[in-house]
Structure formats: structure tokens, C-alpha cells
Number of protein chains: 2
Amino acid sequence: MSDCLFCRIVAGEVPAHVAYEDDEFVAFLDIRPLFPGHTLLVPRAHHETLWDLPPDLAAGLAHRTQRLSVAVRDAMDAVGVFNAVNNVVSQSVPHLHVHVVPRRPKDGLKGFFWPRTKYASDDDAAATAERIRTRLRAT
Amino acid sequence: MSDCLFCRIVAGEVPAHVAYEDDEFVAFLDIRPLFPGHTLLVPRAHHETLWDLPPDLAAGLAHRTQRLSVAVRDAMDAVGVFNAVNNVVSQSVPHLHVHVVPRRPKDGLKGFFWPRTKYASDDDAAATAERIRTRLRAT
């Protein structure tokens, strides 16, 4: 028996309210939702982060996230949807999961992305972008 | 000239610190980052939300998000990465953009996903999952 909670949910060893399933993915309700209808989409296979996912599963994850987002929005009479993945830091279960969260105006998460910071200067920002480009050229 | 800020950045009409670009996607630094290195990945073509994206571009978006996340993590000497999309609600620019944010333990975003709520009962959760399944069966 796996010690990964989401592998156990996928295997049916731990109960969950399943909203979607196919050969490669399962989606179930988060038990501590930001709002009702907050769903977690996971690959059946154990992959820890987004970048660990093989390319074909990454494409499949994107397509299921699209379809599930519309379904969650409409099922909950919501207006928008928040999609998020915590990789490693703030990742409560080390099995990749996409949060699909129904959103409404003035639902209390408006300040969600704050506080933000600033670059000390434009040169500082330019140097930061160059660091990322350098990494990308190396891969 | 487009009145979409991100279309104008893609067209080179508005300056940005570009971290990545190819025929279909551009990534540039968010000017008000959660943390330095916070990057926005956008399709060149104007699509407002994740579910508006054609399937081939959705797959491409997933693959670029994977690669860019690793690059941002390593370039910023970070530990994890937060990926997020705000669709409609809390979406400051109505041109799809994936946030790629470097994360470290104790970086101050630990409480990010709180406060959460609970389902009133297991029956309530079951009914919620059924509403989503019903929508999915209809599509």
C-alpha cells in the first residue's frame, strides 16, 4: 500500500468525492476547499511536480484542466476559475495536483496575490530576465 | 494598435523584460512580482482564458510552463515554483497568462491558501461532486 495520500485515493483505498476520472487522471473535491466545488486534478501515476510529468501527460493535464474548469464554473454558478499548482514549497501532498477553484467577484480573495514587491531598478529587472534566459539556453 | 496590454508587449509596442519567446509563446517579468523572477507566460495569440485556448496551444502552454518553471527555479536559486492562472475573476489583463513564481520555505506566502472552509456534511460534498460530474457528462 502506497504512503502517498493521492495514490491511495486514486487506488480507491481512501474515500474521496470524485468529480472526474479517466484512464490517466482523477479529479476529486478538496476536503478543505477555498470555496465549495474546489477540485483537485491529479495524474493517476505518481509524479511529484509539474516538471516531473512526461510530455504526453502534461498535455493531457492541460486539456483536462480546461474541461474541468468550465464544468466547475458552471456547476457552482461561478464567474471565473482559479487554477494553481504548488510545486515543492506549500505542496501539502507530494503528488502533482492542479487546484480548480470557482471564483466570484468580491468573494474575499481579491487581495490574494498581495503584497507584491518591486525591482530596485530597470537594470535589476533586466539582469533577472537574463538569468532566466541563460538557464533556458542551457536546457 | 491593440488595446490589450499583453498583445502590445507581444508585438513589441510596450517594453518588457522578456525571459523566453518562441513562435507561439512569450514570457516576461511581472512588473509587480510576488518575488523577483516572477514571470508571466502568455500565448502570442489573444485568448482570454485557459478554456479559450485551442487544444494544441493548451498542450504547448503546459510544456512551456514545465520548462520555464525549472528555469525560474534554478535562475533564482529557489526551491519550489508556484504556477497559477486567474480566469476572469482577479484577472488583471484579459489575455491568458500563467504566473510562474519562485518559492522558498518561509518566504511569507505560507498562509497563501487560507482561510479555507468546510462542507456542511459529507452529503453536501457528495452533492457538489455530482453537480460537477453532471456538467462533465453534458460536454
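In what order do the 10 strands of the open sheet stand? The legends below take up this sheet, its edges and the helices on it, in a model that is predicted.

**View 1. The open sheet is built from strands of chain A and chain B.** Its order is E1(A)-E2(A)-E3(A)-E5(A)-E4(A)-E4(B)-E5(B)-E3(B)-E2(B)-E1(B). E4(A) is thus listed beside E4(B), and the pairing is antiparallel. The edges are held by E1 of chain A, residues 18-21, and E1 of chain B; each has a single partner strand, so one side of each lacks a neighbour in the sheet. From one strand to the next the twist averages 20°. Strands of a sheet pair through backbone hydrogen bonds, in either a parallel or an antiparallel manner.

**View 2. Chain A is shown with its secondary structure elements.** Three helices and five strands make up the count for chain A. Along the sequence they follow the pattern α-β-β-β-α-β-β-α. Taken along the principal axes, the box filled by the C-alpha atoms of chain A is roughly 50 × 40 × 25 Å.

**View 3. E1(A) and E2(A) form a hairpin at one edge of the sheet.** Three residues link the two strands. E1(A) and E2(A) run antiparallel and are joined by three bridges. Within this pair, Val18(A) is opposite Phe28(A) of E2(A). In a regular strand the side chains alternate between the two faces of the sheet.

**View 4. E2(A) continues the sheet by pairing with E3(A).** E2(A) spans residues 25-29 and E3(A) spans residues 39-43. Five bridges hold this antiparallel pair, and Leu29(A) is placed opposite Thr39(A) in E3(A). Helix H3 of chain B, residues 122-137, packs on the sheet here and touches E1, E2 and E3 of chain A. The direction of H3(B) makes about 30° with that of E1(A).

**View 5. The hairpin of chain B lies at the other end of the strand order.** E1(B), residues 18-21, and E2(B), residues 25-29, run antiparallel with three bridges between them. The hairpin passes from E1(B) to E2(B) through three residues. Tyr20(B) is opposite Ala27(B) in E2(B). H3(A) lies across E1, E2 and E3 of chain B, where E3 covers 39-43. H3(A) runs at about 30° to E1(B).

**View 6. H3(A) packs against H2(B).** H3(A) comprises residues 122-137 and H2(B) residues 55-75. Their axes are 8 Å apart and the angle is about 125°, so the two helices are oblique to each other. The crossing is right-handed. On the H3(A) side the contact involves Arg131(A), Ile132(A), Arg135(A) and Leu136(A). On the H2(B) side it involves Arg67(B), Leu68(B), Ala71(B), Val72(B), Asp74(B) and Ala75(B). Sorted by class, the contact has six nonpolar and four charged residues, with no polar ones.

**View 7. Chain B is superposed on chain A by a rotation.** Two copies of a chain are related by a rotation about an axis and a shift along it. Here the rotation is 180°, the shift along the axis is 0.0 Å and the RMSD is 0.0 Å. This is the relation of a two-fold axis. Both copies use the same surface, as 100% of the contact residues of chain B recur in chain A.

Methods:
Residues numbered from 1 in each chain as written. Chains lettered and ligands numbered in written order. Predicted model: local features only at pLDDT ≥ 70, side-chain atom pairs only at ≥ 80, totals over all residues. Heavy atoms only, no water. Axes fitted to C-alpha atoms, helices over the stretch in contact; angles between N-to-C directions. Helix = DSSP H or I, 4+ residues; strand = E, 2+ residues; numbered from the N terminus. Parallel < 35°, antiparallel > 145°, perpendicular 65-115°, else oblique. Left-handed = near helix turned anticlockwise from the far one by under 90°. Contact = heavy atoms within 4.5 Å. Nonpolar A, V, L, I, M, F, W, Y, C, P; charged D, E, K, R; others polar. Least-squares fit on C-alpha atoms with pLDDT ≥ 70 in both. Pairing = 2+ DSSP bridges.
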